[in-house]
Amino acid sequence: MSKSALKKSNHESRIYIAGHRGMVGSAVWRALETKGYTNLIGKTSAELDLRNQQAVIDFFNKEQPDVVINAAAKVGGILANSENPYPFLMENLQIQNNLIDTAHKTAVSKFVFLGSSCIYPKFAPQPLKEEYLLTDSLEPTNEWYAIAKIAGVKACEAIRKQYGKDFVSLMPTNLYGPFDNFDLKSSHVLPAMLRKFHEAKASNAPVTLWGSGTPMREFLYVDDLAQAVVFAVENILPEHLYNVGTGTDVTIKELAETIQSIVGHKGELVWDSSKPDGTPRKLMDSSKLRSLNWEPKIALHNGIKLAYSWYLKNENTTS
Ligand SMILES: NC(=O)c1ccc[n+]([C@@H]2O[C@H](COP(=O)([O-])OP(=O)(O)OC[C@H]3O[C@@H](n4cnc5c(N)ncnc54)[C@H](OP(=O)(O)O)[C@@H]3O)[C@@H](O)[C@H]2O)c1
């Protein structure tokens, strides 16, 4: 693995973080700022709609970024995906196509594309390895989103292969942390549990959770992912696709009990086994990236404490 020109001397490189207000983008911004990068560029979707190709071209011509990190996406849970298949497919394709193609046609030297574990087949062996991509059918509920993300991975791979450019894709496992989505209608399992236990804490009312609690899931604190992005920015990675996870999973029941004790909820925890469990296990094999020297630093218990303390400070501004 070779070091790119960005290492140490180039803290003034122009780094555009698409989606810099989101959970991932804001963590990447914090991580780069902490490392001394001074030329970070961010635009809200109101200032720059990434679905608009001409607006993206004009923005790149004006700002001339050296590095682009694609943390912008139309993101949502199973319900949002299954009710809105077309926007989840098309808007994600538009956003990433405009960013990838404009980066390719301008002087961008490094492009980091972010996707998720949903790109892998529903029944792929566990833990999920990068080479399982496109070996079988996807999970039907979010295949629209997954197909867009697979197209992004393949576009970056094609540019790398045909033009030798440093375009790389990182696929994180389930993330949590500051700026997560705590809206119970659309949030992921960890922030939803944090909120439910927190709201039930005042009266110690019972908390009901879906399923049996037996499925196993992996969780990565978003600042650890941000460190992986910084690592990809500062180094030329030898392959086009890397999983980013902790390598350890927990049962949903263990997760719930950990969150319950951190929040301090003393009421009953009820499992509604009439509700679906989902996939029994989803764990990523992140050994490729770990073998290059990235590793997560924030253990689940500590990460949940950090996420809860962020939630408490921002409760009034989160949905
Ligand atoms: N959250 C997870 O657990 C998780 C796990 C694995 C992978 N990921 C991946 O990480 C990436 C970011 O996810 P996230 O959780 O950070 O999502 P998020 O918090 O919803 O942030 C998404 C960002 O995308 C921007 N965006 C959406 N549509 C846009 C448009 N048309 N034009 C410009 N900007 C637009 C939004 O900008 P505004 O705020 O300005 O509207 C927002 O800041 C996604 O690719 C996702 O697949 C997330």
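A crossing of two helices is right-handed if the near helix is turned clockwise from the far one by less than a right angle. In this predicted model, helix α8 passes helix α10 in just such a right-handed crossing. Helix α8 spans residues 252-263, and helix α10 spans residues 300-314. The two pack at an angle of about 50 degrees. Their axes lie 10 Å apart. The angle makes α8 oblique to α10, because it falls neither under 35 degrees nor in the range of 65 to 115 degrees. On the α8 side, the contact is made by L255, T258, I259, I262 and V263. On the α10 side, L300, H301, I304, K305 and Y308 take part. By class, seven of these residues are nonpolar, two are polar and one is charged.

Helix α10 also packs with helix α6, which covers residues 189-201. Here the angle is about 60 degrees, and the axes are 11 Å apart. Helix α6 is therefore oblique to α10. The crossing of α6 and α10 is right-handed. From α6, the residues in contact are L190, L194, R195, H198, E199 and K201. They meet L300, I304, A307, Y308, Y311 and L312 of α10. This contact divides into eight nonpolar residues, one polar residue and three charged residues. Residues L300, I304 and Y308 of α10 appear in the contact with α8 and in the contact with α6.

The cysteines were examined next. The model has zero disulfides. C118 is in no disulfide, and the nearest cysteine sulfur, that of C156, is 16 Å away. A disulfide requires a pair of cysteine sulfur atoms within 2.5 Å, so a separation of 16 Å rules out this pair. C118 is buried, because its relative accessible area of 8% is under the 20% cut-off. C156 is likewise in no disulfide, with the sulfur of C118 as its nearest cysteine sulfur. C156 is also buried, with a relative accessible area of 1%.

Several local features lie in the loop between β5 and α5. Strand β5 covers residues 110-114, and helix α5 covers residues 143-163. K129 is placed in this loop. With a relative accessible area of 29%, K129 counts as partly exposed, because the value lies between the cut-offs of 20% and 50%. K129 touches Y120, N243 and D285, not counting residues up to four places away in sequence. K129 and S117 are 12 residues apart in sequence. In space, their C-alpha atoms are 10.0 Å apart.

P127 lies in the loop between β5 and α5 as well. A cis peptide bond joins Q126 and P127. The omega angle of this bond is about -5 degrees. L134 is another residue of the β5 to α5 loop. Its phi is near 65 degrees, a positive value in a residue other than glycine. L134 is exposed, because its relative accessible area of 54% is over 50%.

A positive phi is also found at Q64, which is not a glycine. The value there is about 45 degrees. Q64 lies in the loop between α2, residues 53-63, and β4, residues 67-70. Q64 is exposed, with a relative accessible area of 51%.

Notes
Residues numbered from 1 in each chain as written. Predicted model: local features only at pLDDT ≥ 70, side-chain atom pairs only at ≥ 80, totals over all residues. Heavy atoms only, no water. Axes fitted to C-alpha atoms, helices over the stretch in contact; angles between N-to-C directions. Helix = DSSP H or I, 4+ residues; strand = E, 2+ residues; numbered from the N terminus. Parallel < 35°, antiparallel > 145°, perpendicular 65-115°, else oblique. Contact = heavy atoms within 4.5 Å. Nonpolar A, V, L, I, M, F, W, Y, C, P; charged D, E, K, R; others polar. Buried < 20%, exposed > 50% of the residue type's maximum accessible area, 1.4 Å probe, protein only.
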